[in-house]
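Biologist: I have a model open here and some quick questions. Could you walk me through the helices?
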Amino acid sequence: MVKKLRPEGAVRVDKERLEQLYAQLGTSGADGVVSRAMEELAVRLAKVESSYRKGQFQELQRSARSMIAISEQIGMETFASVASDVHELACLDDSTALAATVERLLRIGENSLLAVWDMQGSSI
């Protein structure tokens with residue numbers, strides 16, 4: 001019997017970064033920035049997956065690189081770190097490491113979006 005393992009993908013979100021954003025922009029402004037960032041990250045995450053599956057590594061690099069700054073802006077530290085790893089690995093000839101890291105980015109991305117969504121809906 002073959003069992004497929006699916007690691008959880010724990011994430012770190014910098015709550016202080018989100019609090020600073022809300023302090024600077026106010027609730028309405030920060031809600032807009034965070035919502036747009038999360039939408040953009042979800043779109044780019046899908047683009048990373050699609051580019052990887054199609055073997056379009058330059059597009060994969062661009063999408064991963066663009067996710068770094070966006071995720072850092074709203075405190076998604078783990079997401080930014082793994083997106084950076086994908087960007088770097090897309091330049092190298094290590095298909096095994098790239099495959100594993102793209103899968104990790106997909107897990108971390110989903111978990112990070114959920115974590116920020118939960119924080120945004122709570123006491124920020």
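Biologist: How far apart are the end C-alpha atoms of helix 1?
Modeller: They are only 36 Å apart, although helix 1 (residues 15-54) has 40 residues and a straight helix would reach 58 Å at 1.5 Å a residue. That expected span is 1.5 Å times one less than the number of residues, and helices here are DSSP runs of H or I, at least four residues, numbered from the N terminus. Before going on: this is a predicted model, where local features need pLDDT of at least 70, side-chain atom pairs count only at pLDDT 80 or more, and totals for chains, interfaces and linings use all residues. Residues are numbered from 1 along each chain as its sequence is written, and side-chain values use heavy atoms, with hydrogens and water left out.
Biologist: Where does helix 1 bend?
Modeller: At G26, by about 120 degrees. The bend is the angle between axes fitted to the seven residues ending there and the seven starting there.
Biologist: OK, helix 2. Which of its residues are buried?
Modeller: L60, Q61, S63, A64, S66, M67, I68, I70 and S71. Buried means under 20% relative accessible area, with a 1.4 Å probe and protein chains only.
Biologist: And what comes just after helix 2?
Modeller: G75, with a positive phi of about 80 degrees. Helix 1 is likewise followed by a glycine, G55, whose phi is positive, near 75 degrees.
Biologist: At what angle do helix 2 and helix 3 cross?
Modeller: Roughly 160 degrees, and their axes, lines fitted to C-alpha atoms over the stretch in contact, come within 8 Å. So helix 2 is roughly antiparallel to helix 3, a term for angles over 145 degrees.

Key: Helix = DSSP H or I, 4+ residues; strand = E, 2+ residues; numbered from the N terminus. Buried < 20%, exposed > 50% of the residue type's maximum accessible area, 1.4 Å probe, protein only. Axes fitted to C-alpha atoms, helices over the stretch in contact; angles between N-to-C directions. Parallel < 35°, antiparallel > 145°, perpendicular 65-115°, else oblique.
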